[in-house]
Structure formats: C-alpha cells, structure tokens
Amino acid sequence: MFKRKLRKEVYITLTLIAIMFISISVFTKNKSNETETTIVEVKNISKEEIKTKLDELQSTINKDIVGYFTFEQNTNPDTNILPVLLTEGDYYMNHDLYGKKDGCGAVFIDKKEVSDESNNIIVYGHSSIKKDCNFTFFKSYKEKTYFDNNEYFTYTDAEGEHKYQVLFMSMHDLNDSNGVYLDWYNSYFHSTEEFIEVLNKTSEFSVTDKRPFTLDENDKILTLVTCDMSKKDARFVLFAKEVS
C-alpha cells in the first residue's frame, strides 16, 4: 500500500489526528527493525476540535491542506492517512506535501474546478510502477477480492468526517482512436438525470464490477484520478458516493 515517508514532525501530527477519530494500529520500528503494533481505542470529536487540528496542519505543514483521506484495508490492520491540498493549477503534480520537487507529487484538488455548487469533486494523485506514490494502491481495485473488501473510505475536512462508498473504477485511454468518455470531469451536474447518465456511461469503462447505485442532485461524488501506468496516456478513475 501507499506509505509515504513523511518527515518526523508530520508523521507525529497526522498520527495524533488519526488517534482522535478512529481505532487504528500505530506502527513503530524496534531496534531489530521488526514491526510492533499497538491498538488504540478512541472516540469521535467535535467539529470545533476538527477545525483546530486542521488549523494546526495548515500552520505547521502546509497552508494548502484542506482535509485528509483515511483508507482502511479490511485485510490489513494498518490505517493510511493521506492529506489533501487545495490549490490553483497543477503545482502539486510535481511538488510534495512540503512544496518540494517530487515526481510523486501530492494529492490535490484544483480550486478552479470546484465551487459551492459542485457535486462532483475531482481529486488528483500520482501512481507509479516502480514507486509507492500516493495513488499507486489504486491498481489493487482491479482485483475483485480487494474491491469487495475495501468499499469504504473517509474524508475529513473542517465540516467533519464523511464516509464514502466506492461505486466502481474505470479506465480511460486518452489515446484511444475510438474516442474516450470524459464527461465525468464535470464538477457540477444540473439534474439527477444528467448525473445518472454520466456515471452510467462512465461505468461502461469499468475495470471492476460496479455496485448498484442511486443518485439525485443532492448526492456528492468524489472522483479520484491517477495514471494507469500500463498504458502511455491512460487514467484510472475511482468513483465514490458520500453515504454518511
């Protein structure tokens, strides 16, 4: 999975935030480099406390941080925390969480693509064949067992913790001579019918078994985009619906 090597102070800060929200496994290395696991029981905290912790991330790590993902693998006790940044343009395509040059970049949302009315938020991140970049783990969703066992993740922002269900993952080859469907790039759908039509057409490119889903104009979709490294210019796109 995608364990990025954060600086010590960032690792500590993010771990403390995770401990306040969910029961997690905290991994440390002992002198013989063997992994020790400690289970920590925790409770939910208020929106005010969430806001305080995000303020701390912004002031101590990067002011562009607006939230973070938590992906929990049912087959693995490890919990992965992934900060999300809001910026204008693609700066974080080749800069890391600290703003330093990095081929793996960071996970980000382009503020030019969102508004208060957006019901589809596009989130970008890199994957790699050789490196463990932020979204390298996406390739695991092509496997039915993994897909079935990892259908939920959370996104935490200033408004609180939001639970999402993965609907399907599609693959879009931008060099396909027969054309490729890209209407899922829209950040706002004007009607329930348009919403459903776009996701249904997108699901025709699915590389996994799609889950049955219903939508209306009040639903929220997260569209997580990364490269399919098996092709020259293709994208894996993970679609998830907010369920709570």
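This note goes through the fold, the cores, the aromatic rings and a few single residues of a predicted model.

1. Overall make-up. The protein chain has 244 residues, and 47% of them are buried. Its secondary structure comes to four helices and ten strands. Read from the N terminus, the order of elements is α-β-β-α-β-β-β-β-α-β-β-α-β-β. The accessible surface is about 12900 Å². Carbon and sulfur atoms hold 48% of that surface.

2. Contacts along the chain. Take the contacts in the protein chain with a separation of 6 or more. Of these, 56% are between residues 24 or more positions apart.

3. Largest nonpolar core. This core has 28 residues. Leu 85, Trp 184, Leu 199, Ile 221 and Phe 239 have the most contacts inside it. Two helices, H2 (47–60) and H4 (192–203), are among the elements that give it two or more residues. The strands that do so are S3 (65–72), S4 (79–87), S6 (120–124), S8 (160–173), S9 (221–227) and S10 (234–242). As general background, nonpolar side chains tend to be buried together in soluble globular proteins.

4. A second core. Apart from the largest core lies another, of 25 residues. Phe 71, Phe 138, Tyr 164 and Val 166 are among its members.

5. Phe 239. What does Phe 239 touch, leaving aside residues up to four places away in sequence? One part of the list is Gln 165, Val 166, Leu 167, Phe 168 and Ser 170. The list also includes Trp 184, Leu 199 and Thr 202. Ile 221, Leu 222 and Thr 223 complete it. Trp 184, Leu 199 and Ile 221 also appear with Phe 239 among the residues with the most contacts inside the largest core.

6. Strand S8. Is S8 largely enclosed or not? Twelve of its 14 residues are buried, so the rest of the structure largely encloses it. S8 pairs with S7 (residues 152–157) in the antiparallel sense, through six bridges. A hairpin of two residues joins S7 to S8. S8 also pairs with S10, again antiparallel, over nine bridges. In that pairing, Met 169 stands opposite Leu 238 of S10.

7. Strand S6. Four of the five residues of S6 are buried, so this strand too is largely enclosed by the rest of the structure. Its pairing with S9 is parallel and has five bridges. Ile 122 stands opposite Thr 223 in S9. Thr 223 is also one of the residues that Phe 239 touches.

8. Aromatic rings. The structure holds 19 aromatic pairs. One of them joins Phe 189 and Phe 195. Are those two rings stacked or edge-to-face? They are stacked, at 4.8 Å centre to centre with 25° between the planes. Both Phe 189 and Phe 195 are buried.

9. A ring cluster. Ring pairs also link a set of Phe and Tyr residues into a cluster. Its Phe members are Phe 69, Phe 71, Phe 135, Phe 137, Phe 138, Phe 147 and Phe 153. Its Tyr members are Tyr 141, Tyr 146, Tyr 155 and Tyr 164. Phe 71, Phe 138 and Tyr 164 belong to the 25-residue core as well.

10. Thr 154 and Lys 163. Thr 154 sits in strand S7. Its relative accessible area is 11%, under the 20% limit, so Thr 154 counts as buried. Thr 154 stands opposite Lys 163 in S8. Beyond four places in sequence, Thr 154 touches Tyr 68, Phe 69, Thr 70, Glu 161, His 162 and Lys 163. Lys 163 in turn lies over the face of Tyr 152, 4.3 Å from the ring centre. Thr 154 and Ser 244 are 90 residues apart in sequence, yet their C-alpha atoms are 9.5 Å apart.

11. Helix H2 and the loop after it. Asp 55 is in helix H2. Is Asp 55 buried or partly exposed? At 33% relative accessibility, Asp 55 is partly exposed. Its C-alpha lies 8.9 Å from that of Ile 65, ten residues along the chain. Ile 61 lies in the loop between H2 and S3. Ile 61 is buried, with a relative accessible area of 14%. From Ile 61 to Gly 99 the C-alpha distance is 9.7 Å, across 38 residues of sequence.

Definitions and conventions:
Residues numbered from 1 in each chain as written. Predicted model: local features only at pLDDT ≥ 70, side-chain atom pairs only at ≥ 80, totals over all residues. Heavy atoms only, no water. Core = buried A, V, L, I, M, F, W, Y, C linked by side-chain atoms within 4.5 Å. Buried < 20%, exposed > 50% of the residue type's maximum accessible area, 1.4 Å probe, protein only. Contact = heavy atoms within 4.5 Å. Phe/Tyr/Trp six-rings, centres within 6.5 Å; stacked < 30°, edge-to-face > 60°. Lys NZ or Arg CZ within 6 Å of the ring centre and 35° of its normal. Pairing = 2+ DSSP bridges. Areas by Shrake-Rupley, 256 points an atom, 1.4 Å probe, with all protein chains shown as cover.
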